[in-house]
Structure formats: structure tokens, C-alpha cells
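Please open the model in a viewer and keep the selection panel at hand. The tour below proceeds stop by stop, naming what to select and what is found there.

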Amino acid sequence: MPYNENYISPGSLAPTHPGNHFGVIPVTHSFEERQLTAEFDDALCDQTPWKNPRYDGSKLTAKKINTFTSASVVGVGTAEIGTNFSIGEYVDWPGDITLQQSPVLQSKSTALYISNTLIGGTENPQFATIKNHSYLGIQKMLLINPFDDSVTIIDKTSEPYEEFHRFITNDFPTGKKCTVKIIDESISNNLKLEHRVKMNKGFLLKTFSFTEAGEYSGSQDSTHANVLVDNNAMYLYKSGSLQDNFIITGSTTIPAPAGFNQPEQLRFRYGIIEMIPEALNGFGHKFTTKRIGPLFTSASIYENKFTQQYYTGSYGFLRHQVGGIYNETFGRLLASTSLGSASRFIGVDTLGFLKDNNQNTTLTEREKTELHVTFFEGNKSFAPNYYDERSIGTFEVDSNKAQLGIEQGGSCQSNLPTAHEITFKGPKDERFLPTIGTFNDNFYNAHLEALSTGCAPTGSGIDSGAIIQKGVTLDYVENANVYVQGGALGAVGFTNAVSGTFQDAFAGTSLNPNYGVSQQPFMSKHNFYSGSFTYEMSFLDKDHTLIIDLNKKDELFDGIGEKGLVLIPENTIDRVKNNIEFYLQKAGIIENTSNNIQITT
């Protein structure tokens, strides 16, 4: 309608907004009519202009600290379940999301470490033997302020143990690299550019060592005539179905297999009493020293600060004294053998002390200890391409005796464990398990139980109709996943103690347990080892000490001098790493160096 300056439109008393050529725009609707709801279009969330700045473009992921990890695909072979589900390869890690290939998370060090103690891994008999490695003790730490280049010297004797050691474990984590530099450059050396840290917790005090089981021809001579020579007696394994009391003393029938699956936990069967029921091989084994293995006359018990607390017997070689009064009952016969002595020291005394030590609330963390077993003098890696304790064949024993599954035998077993076995730390934890492949094996183990008339005398045999001697009960482990085995026959034993394993002439490094029948499981090259089956048990003496892959004989043949070594962590910042001498001079450790700092971008 035509413009009328006197016209008052509806809603003209409401607030007005500027904008038309008259200067105001009246609001023509009341407040009550205003729409108070809104609708958001969900499709916007999938559009790049919305999603990238808020989520995708700002998301960073990382698998490891100080490291860029690219994508990795793991092959698990091929398998089909039904008709619609198949397994081939899977993405183990999709790759870090970061700027270019720089680490997402970084933890840098500004510290240098001074060592005045270097002990070769084979030169001191009180420490566990670890070939081509060294124990390296840290005495001081130089904390450097990169902003003003000031240096603070911290000595281990003036700092609480836990606080000082935390620096060491943070800067020298297991598996990481470090650089070792001799301070007195006049001393000849052949140091490698980098070394790997295999352990960072202290010294391994040798407690028990086993050097040989009479492998091959040695098992047949007069020294080893009265021990198990028909099969092996030592197995490093995991899993398997345990059938406890598979055949009970005096049984006339073999029950249907019934047992429970053991967890994915590393175990070491260090001895066996191998007896076969009569119904399985037609004649059966009797309980004699020829069924007990291995022979422990090569084994020794060592005195150290921990064994002094619980062991009251003789140190040195174990005794194997059978005959005479020791042959009155099976139990006394077992106790007189070297396996009986070893089982008492390992399974009763040592594991009992370990449990009590760790549960003692009056001890400090440093006073508590760990028990480790090192196989093959640290010369065999059970985790290729990993550089932790497994790469020197070393594993930590489970400190809780109850979790070890140790079943104590009665008086007829001379109060020895019914199974001569150690269980290691870390059930179902891949960080503590070997990464090499396994092969399947089965083994029997006998233990002794009381009869209504008491302990069975050694002269007793198998009664008519019975399949095992009275007083003898058999346990059975089936389908154990074995990493290595040892004993009288070396790396290759007999499967199930009945049929043999042998080297497949066509496969070369594989072993077939079924005499030419091409079926799994095979032994691979990783299940073999050179020389005898050796192992050492050691208590951890907690200290500021690293075990690194430094061969002292080849790399530091003239020693370390009076000034010692400087250790440079892998994650040290460039300003410190490139000016080692400058900071050593500021700390008063060396003299006559340049006062200029090298700046690295």
C-alpha cells in the first residue's frame, strides 16, 4: 500500500533493527511466536572442512617413545573357518600418525654417566656367566643444564638408592642403545660405536650352575651308567595339558586322559623320573636310578650374600651317593641321588627363601631380590631382534612359591617336590616369553606315595595285573610346547619316551617326531644349540649396574684406566652428545679441552 507516515503497523512497538532506507526495520512478530528449536545436519560431521581441523588433522598416535614406527603387517599363515571366514595377514600396527617421520612422544636426557667398574661376563666366577657381555657399574651422574651449560655432579653414595636408580632405568631402558667412551684417550681400545642394554637392575650373583648332563657318548660311560640315558630329562616349555596323578600307585587300568591346560607361562623342567606303565610298552619300568635324570654331579652350589641366609649345607659339587642304607626305600634312594639334592636346594630351599624374601615387609625394595635363570651362558637368544634379557637367555623366576605350582611330596618322597620344575614370571605376557618357535612333546614323571604298609621298599616289583609299581604315581604332560630340551641325548630326544625323534634328512634343520611321517610339529633351527645344555641360577644383587653387549677382552683389552668410562644414553640431546669433553672438563673430570661449545641445529 502507499506510504503513510502516520500509519502504525502491527508490532511497531516491538524492538526495531536498522537496515531499510528509512533506517529501521520493525520486528513484526511477538516474542511468543519466536522459534526456540534448531536442527543440526549430521552430514556436516563427515565433511572434511568440519572433521579435519577438529579431529583428523590434529590427531597424533605413536607406538613407542623416541621412535617413529611405520606400519607392519603380520602373517599368520592361511586358515579357513567354515565357508565365509578366512585368516591370512593382519595389520599389527597401522603406523604412527605424525609430522613427516618424527617421533610423536620424546623423552630426552641431559645427563652423562661415569662408570669406574667394568667386569667381563666370564671373568668373575661369583657372577652369572654371560659371554660377550660385561657388567658395568655406574658411580656418578652429570646433570647438565643446556640453557647455561652448568653441570651438577651427583654421586651414588650421596643419593637415596631409588632416586638415583630411577635416572638409570629411564635413560638406559632394557633393549635400548648407549654409547660407551673411554675418558683417558691414551688407552688403546676397540670400542663399538653403540652397545645394547640387556639388563639394568644390578649384578647376577651365581647361586647354582649345571654344566653338562653327559650328552651323547658321555652318557654311556661308567660315570653316567646309573642315570637316565634312554631319553632327555630337561625341557624349557610352555602350556601343555597336565594330567596330575595320571596313573596312581598300584593301578590296574589306565584312565581316559583328563587334565587341565596349563597357562601360557614359561616353565623349566630341570629333572624327571621317567617311568613307562607296563600296559604301554609291554614290560614297564621299575623305580631305579636308571630312570632318574639328569645326573647333577657337574652341578655346583655357590655361596653368596643370599645363600648365606638360608642354606646350611655344603657348597660346591652335588653328591650322588647311592647304595647301602640309601636303597632301603624308594624315597631314601631318591634323596641320595644328585637329582634329590638339586631338587631340595632349588625347589625347597631356594624357592622358599625367594618367597619369604619378597613377602618380608621389614625389608627395603633394594634388600629384596629376584631369582634368574640364564641358559647356555647367555650365548643363545630366545628372542631374535629383541635386545632384552631374553636375548641373553635369561628369565626371571616367579617369586610367589604358591604360583610356582610346587606340590610338596610326603615322607615317602623324602619331602621333595613331586615335580622338579621352575615357573617363570609373566603368565600370558609376551614380554617374558621366547619368540622362537616350539615343537610338541610329551613326558611322564613319577613321584612316590605311601602305601597302607608304609613306604615301598626298593625290592618291590610290579604285582600281577598292575601296570605300575605300588608306591609309584605317574603324572603326564601332553602336547607341551617345547623351546629346547636337554639331557643324555642332547638337543634331540624321544617323543613321549616311547617313539624317537630324529633329524629329517630332507629338511636339514627340522626334526620329525614320527619317523618320516610329514606332519607338524617339526623342530626348527632355533630349537637347537651347540655344546652341552648348561644353565645357571642367580640372585639379583640390586645395584646401579648395567649388563651390556660389550666384550671386554676384545674391546677394552687394556682396561678402562683410572678415569673410567662415560656412558651416553641413546636419547641424549645433541647439545650434550656433541660436547662430551666440554662438560667433562666443567665437571673437573678432564683438563685442557676447548671452552667452545658446538651448537648443532
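The stops that follow cover a pocket, a sheet, a cis peptide bond, a disulfide and two residues with an uncommon backbone angle.

The model is predicted, so local features need pLDDT of at least 70 and side-chain atom pairs count only at pLDDT 80 or more, while totals for chains, interfaces and linings use all residues. Residues are numbered from 1 along each chain as its sequence is written, and side-chain values use heavy atoms, with hydrogens and water left out.

**The second largest pocket**

Select Y311, L318, R319, A335 and S341. The second largest pocket holds about 380 Å³ of space, and these five are the closest to its centre among the 18 residues that line it. A pocket is here an open set of points on a 1 Å grid over the protein atoms alone, with protein on both sides within 12 Å along at least five of seven lines; a 1.4 Å probe is used, and lining residues have an atom within 4 Å of a point. Points are joined across faces, edges and corners, and the volume is the space filled by probe spheres set on them.

Next, colour β18 (316-317), α4 (330-336) and α5 (338-359), the elements that each give two or more residues to this lining. Helices (H or I, at least four residues) and strands (E, at least two) are DSSP runs, numbered from the N terminus. Which element gives the largest share of the lining? It is α5, with five residues. By type, the lining comprises eight nonpolar, seven polar and three charged residues. In this division Ala, Val, Leu, Ile, Met, Phe, Trp, Tyr, Cys and Pro are nonpolar, Asp, Glu, Lys and Arg are charged, and the others, Gly among them, are polar.

**The open sheet**

Keep β18 selected and add its sheet. Six strands, in the order β18-β17-β10-β28-β19-β20, form an open sheet with antiparallel pairing. At its edges stand β18 and β20 (394-396); each has a single partner strand, so one side of each lacks a neighbour in the sheet. Two strands pair if DSSP finds at least two bridges between them. Strand β17 (residues 300-301) is joined to β18 by two bridges, and S300 has F317 in β18 as its bridge partner.

**A cis peptide bond**

Move to G293 and P294. The peptide bond from G293 to P294 is cis, with omega near -5°. P294 belongs to the loop between β16 (292-293) and β17.

**The disulfide and its loop**

Select C412 and C455. The structure holds one disulfide, a term for a pair of cysteine sulfur atoms within 2.5 Å. C412 and C455 are joined with an S to S distance of 2.0 Å. The torsion about their S-S bond is about -95°, so the disulfide is left-handed. C412 lies in the loop between β20 and β21, and C455 in the loop between β22 (439-448) and β23 (472-487), so the pair ties together parts 43 residues apart in sequence. C412 is buried at 5% relative accessibility, whereas C455 is partly exposed at 31%. Buried means under 20% relative accessible area, exposed over 50%, and partly exposed in between (1.4 Å probe, protein chains only).

Finally, select S414 and N415. Most residues other than glycine have a negative phi. The phi of S414, however, is near 55°, and that of N415 is near 60°. S414 is found in the loop between β20 and β21 (421-423), as is N415. S414 is buried, at 14% relative accessibility, and N415 is partly exposed, at 42%.
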